[in-house]
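Student: Could we go through this structure together, asking at each step what a term rests on?
Tutor: Gladly; let us look at the structure before we begin.

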Amino acid sequence: MRDNLHIRPVEKEDLEFIHKMRINPDVMDYWFSEPYTTLEKLKKNYEQQQDNEAFRQFILYHSNERIGYLGLYGINFRHRFAQFAIMIDPDYQGKGYATDATKLMADYCFNQLNLHKLSLQVIKVNEKAVHIYKKVGFQVEGEQKNHYFVNGSYQDAYTMSVLREEYVNQQ
């Protein structure tokens, strides 16, 4: 499957695709955000982020089909780390794309940006995501009690990360 997956930077014409996911409560609960984002706000944020070197946004493709969004946030080129986020369109969830997409981003971070560490946050009850991240090489670094309000209740969260040498050695 990975042979048919690729990423490219987000373009303006991708914003409607992203907006469709950003207003979906089932997607946004796992992004720890409410599903309330206007297309105009997305356009404005897109324009504002164009010169921000600490931020990268990608569209995930399977062949020629847009299937997800990947982001790197808080890229720190001195200390060589970044935060990772992923959003798979609900129509494409459960098909193994998240694992391969996470590997694509780890490859990009470690082989293109020369980062040392990639981190993320995930709620503990999102067992599928935790499993995917562990499969890619992420390890739990810490736990935050009642950290995110998701679906009407507070949820514990993990901070997970993978170091470049750990990732490369397992590939």
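Student: Which residues of α4 are buried, and what makes a residue buried?
Tutor: The model is a predicted one, and in it the buried residues of α4 are Tyr-97, Thr-99, Asp-100, Ala-101, Thr-102, Leu-104, Met-105, Ala-106, Tyr-108, Cys-109 and Phe-110. Buried stands for under 20% relative accessible area, so each of these residues falls under that cut-off.

Student: How do you know what span to expect of α4, and what span does α4 reach?
Tutor: The expected span is 1.5 Å times one less than the number of residues. Because α4 has 16 residues, the expectation is 22 Å, and the 21 Å from its first C-alpha to its last is therefore close to that value. After α4 comes Asn-114, which has a positive phi, near 60°.

Student: What makes a set of residues a nonpolar core, and which members of the largest one touch the most others?
Tutor: Its members must be buried residues of the listed nonpolar kinds, joined through side-chain atoms within 4.5 Å. The largest such core has 35 residues, of which Leu-72, Phe-84, Leu-118 and Tyr-133 touch the most other members. Two or more residues come from each of β2, β3, β4, α4, β5, α5 and β7 (153-163), and α4 provides the largest share, with 8 residues.

Student: Which residues does Tyr-133 touch?
Tutor: Leaving aside residues up to four places away in sequence, Tyr-133 touches Phe-84, Ile-86, Thr-102, Leu-120, Val-122, Phe-138 and Met-160. A second core, separate from the largest, has 16 residues, including Leu-15, Ile-18, Trp-31 and Tyr-69.

Student: Why is the largest space called a pocket, and how much space lies in it?
Tutor: A pocket is an open set of points, whereas a cavity is one from which the 1.4 Å probe cannot get out; the largest pocket holds about 880 Å³ of space. It is lined by 34 residues, with Tyr-30, Ile-86, Asn-126, Ala-129 and Tyr-133 the closest to its centre. β4 gives the largest share of this lining, 6 residues, and by class the lining has 22 nonpolar, 8 polar and 4 charged residues.

Student: What lines the second largest pocket?
Tutor: The second largest pocket, with about 290 Å³ of space, is lined by 17 residues, and Arg-22, Leu-42, Asn-45, Phe-55 and Gln-57 are the closest to its centre. The largest share of that lining, 4 residues, belongs to α3, and the classes are 10 nonpolar, 5 polar and 2 charged residues.

Terms used:
Residues are numbered from 1 along each chain as its sequence is written. This is a predicted model: local features need pLDDT of at least 70, side-chain atom pairs count only at pLDDT 80 or more; totals for chains, interfaces and linings use all residues. Side-chain values use heavy atoms; hydrogens and water are left out. On a 1 Å grid over the protein atoms alone, a cavity is a set of points where a 1.4 Å probe fits but cannot get out, and a pocket is an open set with protein on both sides within 12 Å along at least five of seven lines; lining residues have an atom within 4 Å of a point. Grid points are joined across faces, edges and corners, and a volume is the space filled by probe spheres set on the points. Ala, Val, Leu, Ile, Met, Phe, Trp, Tyr, Cys and Pro count as nonpolar, Asp, Glu, Lys and Arg as charged, and the others, Gly among them, as polar. Buried means under 20% relative accessible area, exposed over 50%, partly exposed in between (1.4 Å probe, protein chains only). Contact means heavy atoms within 4.5 Å.
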